[in-house]
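Work through the exercises below with the model open. Each task is followed by a stepwise solution.

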Number of protein chains: 2
Amino acid sequence: MSADAIATDSPVLAAARRAREAAAVLAPLPRSVKDAALLAVADALEARTAEITAANTEDVARAREAGTAESVVDRLTLTAERVAAIASDVRDVVGLPDPVGEVLRGYTLPNGLDVRQVRVPLGVVGIIYEARPNVTVDAAALCLKSGNAVLLRGSASAYRSNTKLVEVLRDAVASAGLPADSVQLVPGESRESVKELMRARGLVDVLIPRGGASLIRTVVEESLVPVIETGTGNCHVYVDAQADLGSAVEILLNSKAQRVSVCNSAETLLVHRDIADAFLPLALDALAGAGVTVHGDAAVQQAAREHGGPATVVPATDEDWETEYLSYDIAAAVVDTLDDAVAHIRRWSSGHTEAIVTTSQAAARRFTQLVDSTTVAVNASTRFTDGGQFGFGAEIGISTQKLHARGPMGLPELTSTKYILTGDGHIRP
Amino acid sequence: MSADAIATDSPVLAAARRAREAAAVLAPLPRSVKDAALLAVADALEARTAEITAANTEDVARAREAGTAESVVDRLTLTAERVAAIASDVRDVVGLPDPVGEVLRGYTLPNGLDVRQVRVPLGVVGIIYEARPNVTVDAAALCLKSGNAVLLRGSASAYRSNTKLVEVLRDAVASAGLPADSVQLVPGESRESVKELMRARGLVDVLIPRGGASLIRTVVEESLVPVIETGTGNCHVYVDAQADLGSAVEILLNSKAQRVSVCNSAETLLVHRDIADAFLPLALDALAGAGVTVHGDAAVQQAAREHGGPATVVPATDEDWETEYLSYDIAAAVVDTLDDAVAHIRRWSSGHTEAIVTTSQAAARRFTQLVDSTTVAVNASTRFTDGGQFGFGAEIGISTQKLHARGPMGLPELTSTKYILTGDGHIRP
């Protein structure tokens, strides 16, 4: 195995090797044992809240000293209430079914050989993430439940918080009789530790980068370990020729402005020409009311001038079509046909989520068939693309790639499969 | 999209871009249209057999001039009978169910929003393969059936055969009303064309290398396009303390010697110490009878000396444990326990297929739980790990990785999924 080809055992590779040993212990464990460990984790988080918030206070102080934006500081901050909420999330994972052991296919061949395709853990999962320390616990809980060992590589700004959280997690897991190395923080705060993780093919089974576009791009381009790409969301709302205007405004507003900083928020509005005169004035007023700046094409600019309302419309360039604003901005264009909307989406979308608002069954069917994104929403907000909303109970990220998993990833997406053949002396003729 | 980041349109990238356009046409097609195109392909292969064998004759002549081994020349050769068999395989694909459109999950959320997870084509599939021109047609047929456009990059030695086959395929596909660019041969015979394919992230959705270990390693390490690793098989047969001796000999022989050049043939025999004295003499005689050289550890060498039969046993080194011989050779060792057998497999196996021969239910259960390979066979030959044997009807390769697909890959493994949400004005509170 390529694992043995790596001669030097740096701290990162040594951690990966220990994770591999732990994964072999975790893989065959029944649900009851894994759930007991998760309950121990939840209890320990609550019992040791003071230690956790104390470590976090140091990270927060340093962040403030470094002049970090308050919104980022807020995401970094752990209060007693937030720790309690994280513990509660862990208990929710206890309640989720164990994906391991599920038989996905099972049949008997004509020669009498039984074939079963069974879910098994992936093995060692590496998560590379930014800022929010709650991800440390979420990711560890999901990996444990699915029988995987996890290597956590958080951001340097949360290093003290993550170190303490992982200490608490490891103690709790060990107290439940599982290997402490089921959960490890990747040693080192430097970029080099990420690079080593990306080279640990054969030791690490998958890397999941969660965070900004540049982190994800780096991992996708440089990793020798298989990667699941997550998160970039240039989402579209298309208002069809036949659409309920009130519903269209509500879906547009919710998709854009319910929470602007997330990947499933809308970044572009496309409007069919036949409904543009009726819809755009309503849309421009509503967007202006929510504080959203519209980056419009010529037709949208014209509509704004004719409407003369409070709307702010600035001219859109090609850059706007491809931008994931994550802010109170939206690009907007008028299209001649549904197929033109699909073509625009095919060209510019990141393939996350696109919504159509329509009363036409034919339009809904064509749009869902032709749009090639993780999620297509018909008469619903783009904001529903989320593991929690989908009823997965928890989410390790949203895959925007086509291999392995696409869309919100829950516990089943943290598994692979193996085939078990059972015969009684079967040989191939 | 990253597709647009690629500014220069080399012939390879231009082909990938055309494939992307074709894929958009193929994705929503119903089964009947795709099946009609496949029947046209089968008919065309038969009607144009003379053209195909004429092109192949040139490849064969050049291969012979270049002093290519006869076994490789044989794999390269297309006779009228072989072309007829290839056409028949295409008709078999027509009979397989269409994976596209299958609903994998479907439920209604508490808020009334309908969630459906539906199989969709991957998009553009790149296949990089060696020697055998039948792969050209097999891969194209499987990709078409699953709604994918395919970029075929065969070996230079089969360039004339593949060029003609792809010409026949494209003419047939176009005659059925589908885009000719659904099937394309990657332009150029040089290594550079493979490199360009590996850089075409955003245009090509997946690369599947089929062939030797060095080809696969290169693609895995260098590709920016997601890769499915296939084929390396260092497979093991473990004979447990309690085993039917006759069945164990038959399974060992079949696993090793029924066909030695394939990835699912066995390369290492592990024997429990408690049965070694009874089993090894039988095994050594049987292997010698089949012309197999045994590379044994000290215990196996000792058994051979004591047995004094016709067996040839040479000393094994660590290199033997990790070698995929693909020849009439097998490594052999005696282990103290089932767990030692598992540890040996975990250390040295390529994770393809491992068999246990046992009459013990407990041993069978433990072995299948602990061995982490694509396929675990209980009382059956390793040779069953094969899409055809599994009843898939056809196979695009055998994945030895854990992401996306593991084990033999049929039509469903050539798909991704998308979520379709249907509401009536649903927004997130």
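**Exercise 1.** Determine how β16(A) pairs with strand β13 of chain B.

Solution. Step 1: locate the strands, which are DSSP runs of E, at least two residues, just as helices are runs of H or I, at least four residues, numbered from the N terminus. β13 of chain B covers residues 375–380. Step 2: apply the pairing rule, at least two DSSP bridges between two strands. Here 5 bridges join β16(A) to β13(B), and the strands run parallel. Step 3: pick out one bridge. A:Tyr419 has B:Thr375 as its bridge partner in β13(B).

This is a predicted model: local features need pLDDT of at least 70, side-chain atom pairs count only at pLDDT 80 or more, and totals for chains, interfaces and linings use all residues. Residues are numbered from 1 along each chain as its sequence is written, chains are lettered from A and ligands numbered from 1 in the order in which they are written, and side-chain values use heavy atoms, leaving out hydrogens and water.

**Exercise 2.** Describe the interface of chain A and chain B by area, residues and polar links.

Solution. Step 1: take the area. Buried area is the accessible area (1.4 Å probe) that two parts lose on being put together, summed over both. The two chains bury about 6400 Å², 51% of it on carbon and sulfur atoms. A:Leu403, A:Tyr419 and A:Arg428 supply 13% of what chain A buries against chain B, more than any other three residues. Step 2: count residues in contact (heavy atoms within 4.5 Å). Chain A gives 74 residues and chain B gives 74 residues. Step 3: list salt bridges (a side-chain nitrogen of Lys or Arg within 4 Å of a carboxyl oxygen of Asp or Glu). There are 6 between the chains. One joins the side chains of B:Glu229 and A:Arg201 (2.4 Å, N to O). Step 4: find the main contributor on chain A. Strand β16 (residues 415–426) gives the most to the side touching chain B, with 11 residues.

**Exercise 3.** Is B:Met198 buried or exposed? Place B:Met198 in its surroundings.

Solution. Step 1: B:Met198 sits in helix α8 (residues 191–199) of chain B. Step 2: the classes are buried (under 20% relative accessible area), exposed (over 50%) and partly exposed in between (1.4 Å probe, protein chains only). B:Met198 is at 2% relative accessibility, so it counts as buried. Step 3: beyond four places in sequence, B:Met198 touches residues including B:Leu207, B:Val219 and B:Leu224. Step 4: B:Gly126 lies 72 residues away in sequence from B:Met198, yet 9.1 Å away in space, C-alpha to C-alpha.

Key:
A polar contact is a pair of N or O atoms within 3.5 Å; within protein, one must be able to donate a hydrogen and the other to accept it, and residues adjacent in sequence count only if both atoms are side-chain atoms.
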